[in-house]
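Please find below a short note on the helix packing of the structure under review.

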Amino acid sequence: MPDVVAQRVGEELGVADPDRLADYAQREPTHREHAGEIQREYGYRAFSDLAARADLRGWLEARAWATAERPSVLFDLATARLIDAKVLLPGASVLVRAVASARDRAAARLYRTVAEAAITDERRHRLDELLEVAAGE
């Protein structure tokens, strides 16, 4: 953790030596125990909960389909949605993969939709003309 964060957390918790906070994560079960405490005390669900994951996946896919938001925006919105739903946040890489997967599925859906659309011969010819580049352009 960055020194400035350790300093601030140390101040808030009344820890005289913020360097001791580095020892916090050394004990393997610490984060699991604290996650369990948060769940019991505040009513949070684990991200591994199938309903929580399904809800996020459905929301991400709908959002990716309906908007052209950057992955970073979807990541931030997904984080806020999980917090609002009282779901413990997964690691950042898990959420990054969920966003990328939703965007990939939305793109594949778009490609299928366009490919299956009834295109007249005239429109196909006009679309092909758009791909022609005049010499020197």
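The points below take up the model, one single helix and two helix pairs.

1. The model is predicted: local features need pLDDT of at least 70, side-chain atom pairs count only at pLDDT 80 or more, and totals for chains, interfaces and linings use all residues. Residues are numbered from 1 along each chain as its sequence is written, and side-chain values use heavy atoms, with hydrogens and water left out.

2. Helix 2 (residues 30–42; helices are DSSP runs of H or I, at least four residues, numbered from the N terminus) has 13 residues. From first to last C-alpha helix 2 reaches 18 Å, close to the expected 18 Å (1.5 Å times one less than the number of residues). Gly43, with a positive phi near 75°, follows helix 2.

3. The axes of helix 3 (residues 50–66) and helix 5 come within 8 Å and cross at roughly 50° (axes are lines fitted to C-alpha atoms over the stretch in contact, with angles from 0 to 180 degrees between N-to-C directions). The two helices are therefore oblique to each other (neither under 35, over 145, nor 65 to 115 degrees). Contact residues (heavy atoms within 4.5 Å) include Leu60 and Trp65 of helix 3 and Val99 and Arg103 of helix 5. By class, the residues of this contact divide into ten nonpolar, one polar and five charged.

4. Helix 4 (residues 71–84) and helix 5 (residues 92–116) have axes that come within 10 Å and cross at roughly 115°. Among the residues that meet are Phe75 and Leu82 in helix 4 and Leu95 and Val99 in helix 5. This contact has nine nonpolar, one polar and one charged residues.

Terms used: Nonpolar A, V, L, I, M, F, W, Y, C, P; charged D, E, K, R; others polar.
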